Structures are given as C-alpha cells and as structure tokens.
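Biologist: I have the sequence and the model open side by side. Please take a close look at one part of it with me, and then walk outwards to the rest of the chain.

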Amino acid sequence: MVLLQCSVHNCIHNNSNYCNLNQITIGGSNTYQPDGTNCENFINKSSALTNSISINTPYSNVNCKAEQCIYNKKLKCTANSIDISGYTSSTSEETLCATFQYNPN
Ligand code: SF4
C-alpha cells in the first residue's frame, strides 16, 4: 500500500487531499517524465452524477503503467508515498504523478 496524497480537488474521489479509493491506476506507458503520467481514476466533480462517499483512505494500492519509473515493479508502485498533482485539472490527462522518477536503466 502507498501513502497517496492528492491535490486534484476537482476529482470526486478527493477528500481533504486524500483519495477515497482503495486502488487506483496511473497511466503513462513509455513516458520519461512526470508530465506523461496521469491518474486514470479521475472523475470531474462537476460531471459526476452521484455524490462521493467521504471516506479517507490514506493508503491505496497503486497500479502503474509508467514502467520507466524507478518505483515501478511489474506494473505496481513500490514507493512509500506518492503525490498526485493537478489542482485545477478538469480531465484525467491534466493530472500527473509528481513522484515519478525516470529510471535510465
Ligand atoms: S511513483 Fe512511479 S511507479 Fe509510483 S505511481 Fe508514480 S509514476 Fe507510478
């Protein structure tokens, strides 16, 4: 489990800078930088039909497609904690994993 802090306040799953999902997926196949990653679970609050369940779960399982990141092991994130950024995001593509670090090997 990864300590998941998230500043994407426009997401229906965000609750006081934490994510209320037990599992998320980060996109970013073949990226070499954080800008190429994104949270695939983002749902814009303004387009959601239902209210979010307000349960804080600081730790989540993080599946990750960014295989070039040093923390990626077999498509799972092994970092102790990650930060998801995108304070003003209105789409999934505008979010990113700020903890991404390129693994040149
Ligand atoms: S730190 Fe790396 S492995 Fe973990 S979610 Fe972010 S990009 Fe994926």
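Modeller: Gladly; let's start at Ile43, which has 17 other C-beta atoms within 10 Å and is therefore partly exposed. The scale behind that word runs from buried (20 or more other C-beta atoms within 10 Å of the residue's own) to exposed (12 or fewer), with partly exposed in between, and the C-beta atoms are placed from the backbone. Please keep in mind that this is a predicted model: local features need pLDDT of at least 70, side-chain atom pairs count only at pLDDT 80 or more, and totals for chains, interfaces and linings use all residues. Residues are numbered from 1 along each chain as its sequence is written.

On the chain, you will find Ile43 in the loop between β5 (38-39) and β6. Strands here are DSSP runs of E with at least two residues, helices are runs of H or I with at least four, and both are numbered from the N terminus. Setting aside residues up to four places away in sequence, Ile43 touches Cys11, Ile12, His13 and Ala48. Touching, or being in contact, means that two C-beta atoms, placed from the backbone, lie within 7 Å. The C-alpha atom of Ile43 is 34 Å from that of Asn105, and 62 residues separate the two in sequence.

Now move to Asn10, in the loop between β1 and β2 (14-15). Asn10 has 19 C-beta neighbours inside 10 Å, so it too counts as partly exposed. Its contacts, again leaving out residues up to four places away, are Asn44, Lys45, Ser89 and Ser90. With Lys45, the C-alpha separation is 5.6 Å, although the two positions lie 35 residues apart along the chain. Turn from there to Gly36, which is 26 residues from Asn10 in sequence and 20 Å from it in space, C-alpha to C-alpha. Gly36 sits in the loop between β4 and β5, and its 16 C-beta neighbours inside 10 Å make it partly exposed. Beyond four places in sequence, Gly36 touches Gly28 and Thr31.

Next, the interior. The largest nonpolar core holds 21 residues, and those with the most contacts inside it are Leu4, Ile26, Val62, Ile82, Ile84 and Cys97. Such a core is a set of buried Ala, Val, Leu, Ile, Met, Phe, Trp, Tyr and Cys residues joined through C-beta atoms within 7 Å. At least two of its residues come from each of β1 (2-6), β4 (23-27), β6 (59-64), β9 (81-85) and β10 (96-97). β1 gives the largest share, with 3 residues. Outside its neighbours within four places in sequence, Cys97 contacts Ile26, Pro34, Thr37, Ala66, Ile82 and Ile84.

Cys97 also leads us to the ligand, because it is listed with Cys64, Cys69, Tyr71 and Cys77 as the closest of 14 surrounding residues, where near means a C-beta atom, placed from the backbone, within 6 Å. By type, this shell splits into 11 nonpolar residues, 3 polar ones and no charged ones. In that count, Ala, Val, Leu, Ile, Met, Phe, Trp, Tyr, Cys and Pro are nonpolar, Asp, Glu, Lys and Arg are charged, and the others, Gly among them, are polar.

The loop between β7 (72-73) and β8 (76-77) is worth a stop, as Lys74 is placed there. Most residues other than glycine have a negative phi. Lys74, which is not a glycine, has a positive phi of about 55 degrees. Leu75 lies in the loop between β7 and β8 as well, and its phi is also positive, at about 70 degrees. Lys74 has 7 C-beta neighbours inside 10 Å, so it counts as exposed, whereas Leu75 has 14 and counts as partly exposed.

Finally, step back to the whole chain. It has 0 helices and 10 strands, and its C-alpha trace spans about 45 × 25 × 15 Å along the principal axes. Buried residues account for 33% of the 105 residues. Of the contacts between residues at least 6 apart in sequence, 68% join residues at least 24 apart. UniProt, in an unreviewed entry, places the feature "domain: DUF1540" at residues 5-42 and 62-100. Residues 5-42 are 34% strand, with end C-alpha atoms 14 Å apart; residues 62-100 are 36% strand, with ends 13 Å apart.

Terms used: UniProt positions renumbered as here; feature names shortened; annotations may be inferred.
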